[in-house]
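Student: Please take one part of this model and go through it closely. I would like to know where it lies, how much of it the solvent can reach, and what it touches.

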Amino acid sequence: MPTPSFLPLGDYLTSPTAPALAATPYAALADSDLAAWLAAWPELHARAFKSLTHRIHPSTRIHPTAIIGDDVIIGAGMRVWEFTTVRGHTLLAPGASVGFNCEVTNSYLGTSSVLGHRISLNRTLIGDHAHLSADGTVQAIHLTAHMARPNRDTLLRLPTGLYRCRTPASAPSSVTASRPAAASPPEQEPSSAAPASSTPTP
């Protein structure tokens with residue numbers, strides 16, 4: 001099965017429909033390829049920023065303790081609660097809400113989506129009407145040239161240990177692409193303590 005060269009973002013999210021964003025690169029978000037968008041995102045965001053009359057819509061409610069970066073775009077009816085930081089090439093679409101003590105960096109939050117409390121996003125795209133409850137962290141930590149068919153393993157850190165998720169490129173030869181390998185048993189994390197040394201008997 002050939003590796004797809006185009007992974008449309010429209011399979012996962014929609015472009016913002018707010019009139020203020022219609023003439024910006026974000027209007028073509030759903031028609032874009034994931035890898036191409038990630039590579040061009042800072043420049044596309046800068047173009048959108050320059051074309052807007054208000055980078056923060058007048059109807060937005062931002063708590064006085066929140067910190068908003070100079071290049072953040074915030075849509076109509078958006079709410080940002082206390083002790084939250086939003087920075088980088090981030091767009092918070094109309095009607096969305098970010099709870100208290102969150103950190104959002106270089107991300108896109110879709111229309112009417114909700115981040116609960118103590119959520120951390122970094123280089124993340126979230127579609128419309130999503131709801132992340134609380135105490136979550138989302139980061140783009142596993143990017144490859146072909147996101148649909150990664151060329152290296154992914155390690156998941158869970159409370160029970162580290163799990164190695166094998167990809168078709170790194171799986172043993174006995175595992176075929178039609179039968180994906182299951183996650184391996186948890187691996188033991190390296191100890192921070194120095195190994196005990198034994199003194200040889202003379």
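Tutor: A contact here means heavy atoms within 4.5 Å. Among contacts in the protein between residues at least 6 apart in sequence, 20% join residues at least 24 apart. The model is predicted, so local features need pLDDT of at least 70 and side-chain atom pairs count only at pLDDT 80 or more, while totals for chains, interfaces and linings use all residues. Residues are numbered from 1 along each chain as its sequence is written, and side-chain values use heavy atoms, with hydrogens and water left out.

The protein has one helix and 16 strands, taken as DSSP runs numbered from the N terminus (helices H or I, at least four residues; strands E, at least two). Of its 202 residues, 36% count as buried, where buried is under 20% relative accessible area, exposed is over 50% and partly exposed lies in between (1.4 Å probe, protein chains only).

The part to look at is the segment before α1, the helix that spans residues 34–51, and Ser32 has its place there. Asp33 is found in that segment too. How accessible is Ser32? Ser32 has a relative accessible area of 16% and is therefore buried. Asp33 is also buried, at 13%.

Each of these two side chains has a polar contact with the backbone (a pair of N or O atoms within 3.5 Å, one able to donate a hydrogen and the other to accept it; residues adjacent in sequence count only if both atoms are side-chain atoms). For Ser32, a polar atom of the side chain lies 2.8 Å from the backbone oxygen of Ala28. For Asp33, a polar side-chain atom lies 3.1 Å from the backbone nitrogen of Ala36.

What else does Ser32 touch? Leaving out residues up to four places away in sequence, Ser32 touches Phe6, Leu7, Pro8, Leu9 and Trp37. Leu9 comes up again with Asp33: the C-alpha atoms of Asp33 and Leu9 are separated by 6.0 Å, although the two residues are 24 apart along the chain.

For comparison, here are two residues from loops. Asn101 is found in the loop between β7 (97–98) and β8 (103–105). Asn101 is not a glycine, yet its phi is positive, at about 60°. With a relative accessible area of 42%, Asn101 is partly exposed. His129 has its place in the loop between β12 and β13 (131–134). Its phi is near 55°, again a positive value in a residue other than glycine. His129 is exposed, with a relative accessible area of 61%.

The strand that comes before the loop of His129 belongs to a sheet. This open sheet has four strands in the order β3-β6-β9-β12, with parallel pairing, two strands being paired if DSSP finds at least two bridges between them. Because β3 and β12 (125–126) stand at the edges with a single partner strand each, one side of each is left without a neighbour in the sheet. The pairing of β12 with β9 (residues 108–109) is in the parallel sense and runs over two bridges. Leu125 in β12 is the bridge partner of Tyr108.

To return to the segment before α1: Ser32 is buried and Asp33 is buried, with a side-chain polar atom of Ser32 placed 2.8 Å from the backbone oxygen of Ala28 and one of Asp33 placed 3.1 Å from the backbone nitrogen of Ala36.
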